[in-house]
Amino acid sequence: MQFTAKQIGEFLNGTVEGDENAQVSTLSKIEDGTTGALCFLSNPKYENFLYTTSASVVIVAKDFVPTQPTKATLVKVQDPYSAFSVLLDKYNEVANMNSEEVGVHSSSFVHPTANIGKNVYIGAFCCIEQNVVIGDNAKIYAQTYIGADSKIGAQCTLFPGVKLYKHTIVGDRVTVHSNTVIGSDGFGFAPQKDGSYPE
């Protein structure tokens, strides 16, 4: 996927300084920026990288004034860090929607009562228990377990090894990273006076 500096500026309500047709197709740290990369500068201690980076577009603060010439096109916004986070979410959303991965891998188990939406991908060795609902365009990667009566919203991405205990609800456009467990004991244990623990 490619975006121009002009498109990024419009999306972030920012102003573009430089080539508004500069294109980016990946995200990176400013010190690692290469041609086609989008970066951001928020912390002043990284400013020197702005003048050496090969990144095509860099998001900077609205009041930022470079002290040296820059090769990158600048997109000026109110808060570069927050703006980059917004773009990252948007990038993941678009990537998920445009993914060609669709269907259920033959090694996975999907309970007959599960309700699977349109254009859903379920990778190898997944287990989808009874009455699970998975929204449209969701991507469920290998070795993921989704417990009974759970609900996964539209355009969600569950990376490999995610475990969702029963009755878990995940909203729309959520990304859950590998080996995350949701729904397990999370509030500790409360020992009783006799030394036992409540069940």
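## Strand pairing and aromatic pairs in a predicted model

Ring pairs join F40, Y81 and F84 into a cluster. The structure is a predicted model, and it holds 5 aromatic pairs. One of these is formed by Y141 and F159, whose rings are stacked, at 5.7 Å centre to centre and with 10° between the planes. Y141 sits in the loop between β14 (139-140) and β15 (145-146), and F159 in the loop between β17 (157-158) and β18 (163-164), so the pair ties together parts that are 18 residues apart in sequence. Y141 has a relative accessible area of 18% and is buried. F159, with a relative accessible area of 29%, is partly exposed.

Strands β15 and β18, which border these loops, also pair with each other. They run parallel and are joined by 2 bridges. Y145 has K163 in β18 as its bridge partner. Both strands belong to an open sheet of 5 strands, in the order β9-β12-β15-β18-β21, with parallel pairing. At the edges stand β9 (109-110) and β21 (181-182); each has a single partner strand, so one side of each is left without a neighbour in the sheet.

Another set of pairings involves β2, β5, β6 and β7. Strands of a sheet pair through backbone hydrogen bonds, either parallel or antiparallel. The table lists the pairings here.

| Strands | Sense | Bridges | Residues standing opposite |
|---|---|---|---|
| β5 (residues 37-40) and β6 | parallel | 3 bridges | C39 and V58 |
| β6 and β7 (residues 73-77) | parallel | 5 bridges | V57 and T73; I59 and V75 |
| β2 (residues 15-17) and β7 | antiparallel | 3 bridges | V16 and V75 |

V75 in β7 thus appears in two rows: it stands opposite I59 and also opposite V16. β7 itself pairs with β6 in the parallel sense and with β2 in the antiparallel sense.

How many residues of β6 are buried? Strand β6 (residues 57-61) is mostly covered, with 4 of its 5 residues buried. For β7, 5 of its 5 residues are buried.

In a regular strand the side chains alternate between the two faces of the sheet. In β7 both faces are covered. T73, V75 and V77 lie on one side, L74 and K76 lie on the other, and all of them are buried. K76 is thus among the buried residues of this strand.

Notes:
Residues are numbered from 1 along each chain as its sequence is written. This is a predicted model: local features need pLDDT of at least 70, side-chain atom pairs count only at pLDDT 80 or more; totals for chains, interfaces and linings use all residues. Side-chain values use heavy atoms; hydrogens and water are left out. Rings of Phe, Tyr and Trp (its six-membered ring) pair if their centres lie within 6.5 Å; planes under 30 degrees apart count as stacked, over 60 as edge-to-face and the rest as tilted. Buried means under 20% relative accessible area, exposed over 50%, partly exposed in between (1.4 Å probe, protein chains only). Two strands pair if DSSP finds at least two bridges between them.
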